[in-house]
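Biologist: Could you walk me through this one? I'd like to start with the helix packing and then move on to the sheet.

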Amino acid sequence: MLNILAPQHKVVSYILEYRELEKLKNTYIDKLPFLVNSKTKRIHTSFHQTVTSTGRLSSSEPNLQNIPIRTEMGREIRKAFIAEERYLLLSADYSQIELRILAHLSQDESLLDAFKNDEDIHAHTASGIFNIDQNIISPEMRRMAKIINFGIMYGMGNYGLAGNLGIGRGEAEQYINNYFLRYQGVKKYIEREKEEARRKGYVLTLLNRRRYLEGINSQDRKIREFNERVAINAPVQGSAADLIKLAMIKIDESFKKEQFQSRLLLQIHDELIFEVYQPELEQVERTVKDIMEHSLELSVPIKVNLKTGNNWAELN
């Protein structure tokens, strides 16, 4: 609500800035120094297998998956996380993995072709939504298409999309209709998943992990629609979670076999963070990229982006 009011009076911007600084101070600056282990001189988090409904790992005490990245002040916090001497930090991040999994699950020809041709998927979507050539898509159009790409995948309707884009519901509905004209296979996937969920009471990830949906046939519209949104998204998010866990297991086995001094530090959503012994960097990069890109075979290429740095902020 305050973000909407911010352009109307400068005091609202000051309130938002104060709230950001207060959160950074109370959550990180004041607390992290007291969480340093006296023996290792490091901060250690705890990872949990069964907390999230999607199957992703979660982190606590402290939650290192929530260290800020989107604001300049938040990125300053990440500069405090540094590699050991003679080591570098390495980020290995899946590129648009959920959309790639959606392409595989839906077998939508337009989506499959876009990824196979290594196109900018958000620009590809924008050209269909706005009915203009992909080469003249503006940054704003691409931004809107990105919101729509992920909104559809999360089962968002015209009301939610209108709120996210700051447009009317009629316009949002037209964008959704245009999206499904371009990606007709995605539309069929959505209807198929909802029907399967109603019939079986659960949906499956690519590795056959089940997400039960007790309210999928509820008489309460809100409960039923919530479960329908989960039915659409759970196979996508759940498969992404399965993929990165499978990759982590294979990477661990490979590191032990090669007797690397490098080690895996963190898993944050679709990204793995490593502390790499510098003489091993080239070999580790090659190993990590190969395993992450081939732990599951999809109908489209899986792409992993690598970045290195002396501190966590340099990885972004």
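Biologist: How are α7 and α9 oriented, roughly parallel or roughly perpendicular to each other?

Modeller: Bear in mind that this is a predicted model. In it, helix α7 (residues 139-153) and helix α9 (residues 169-182) pack at an angle of about 75 degrees, and since 65 to 115 degrees counts as roughly perpendicular, α7 and α9 are therefore roughly perpendicular to each other. Their axes are 11 Å apart.

Biologist: Which residues make the contact?

Modeller: On the α7 side they are Met144, Ile148, Asn149 and Ile152, and on the α9 side they are Tyr175, Ile176, Tyr179 and Phe180. Sorted by class, the contact of α7 with α9 has seven nonpolar residues, one polar residue and no charged ones.

Biologist: And Asn178 in α9, is that one buried or exposed?

Modeller: Asn178, which has its place in helix α9, has a relative accessible area of 15%, so Asn178 counts as buried. Setting aside its neighbours within four places in sequence, Asn178 is in contact with Gly128 and Ile129.

Biologist: OK, on to the sheet. What's the strand order?

Modeller: The sheet is open and has four strands in the order β6-β7-β3-β8, with antiparallel pairing. Because β6 (263-268) and β8 (304-309) each have a single partner strand, they stand at the edges, and one side of each is left without a neighbour in the sheet. From one strand to the next, the twist averages 20 degrees.

Biologist: How many bridges join β3 to β7?

Modeller: Strand β3 (residues 87-94) and strand β7 (residues 271-277) run antiparallel and are joined by seven bridges; one residue of interest is Ala92, whose bridge partner in β7 is Leu272. Helix α11 packs on the sheet, where it touches β3, β6 and β7, and its direction makes about 15 degrees with that of β7.

Biologist: What about β6 and β7, how many bridges there?

Modeller: β6 and β7 pair in the antiparallel sense over five bridges, and Leu272 appears here too, as the bridge partner in β7 of Gln267. The two strands form a hairpin with two residues between them, and His269 in the turn has a positive phi of about 60 degrees.

Biologist: Moving past the end of β7, where does Gln278 lie, and what does it touch?

Modeller: Gln278 lies in the loop between β7 and α12 (281-294), and its relative accessibility of 42% is why Gln278 counts as partly exposed. Not counting residues up to four places away in sequence, Gln278 touches Arg86, Tyr87 and Leu88. Gln278 and Arg86 are 192 residues apart in sequence, yet their C-alpha atoms are 5.9 Å apart in space.

Biologist: Last topic, the nonpolar core. Which residues touch the most other members?

Modeller: The largest nonpolar core has 61 residues, and those touching the most other members are Tyr94, Leu102, Val186, Phe274 and Met292. Helix α11 (residues 221-258) supplies the largest share of this core, nine residues.

Biologist: What is Met292 in contact with?

Modeller: Leaving aside neighbours within four places in sequence, Met292 is in contact with Ala92, Tyr94, Leu243, Ala247, Ile251, Leu272, Ile302 and Val304. Apart from the largest core lies another one, of 16 residues, including Leu32, Ile77, Leu266 and Tyr277.

Conventions. Residues are numbered from 1 along each chain as its sequence is written. This is a predicted model: local features need pLDDT of at least 70, side-chain atom pairs count only at pLDDT 80 or more; totals for chains, interfaces and linings use all residues. Side-chain values use heavy atoms; hydrogens and water are left out. A nonpolar core is a set of buried Ala, Val, Leu, Ile, Met, Phe, Trp, Tyr and Cys residues joined through side-chain atoms within 4.5 Å. Buried means under 20% relative accessible area, exposed over 50%, partly exposed in between (1.4 Å probe, protein chains only). Contact means heavy atoms within 4.5 Å. Axes are lines fitted to C-alpha atoms, for helices over the stretch in contact, and angles run from 0 to 180 degrees between N-to-C directions. Angles under 35 degrees count as roughly parallel, over 145 as roughly antiparallel, 65 to 115 as roughly perpendicular and the rest as oblique. Ala, Val, Leu, Ile, Met, Phe, Trp, Tyr, Cys and Pro count as nonpolar, Asp, Glu, Lys and Arg as charged, and the others, Gly among them, as polar. Two strands pair if DSSP finds at least two bridges between them.
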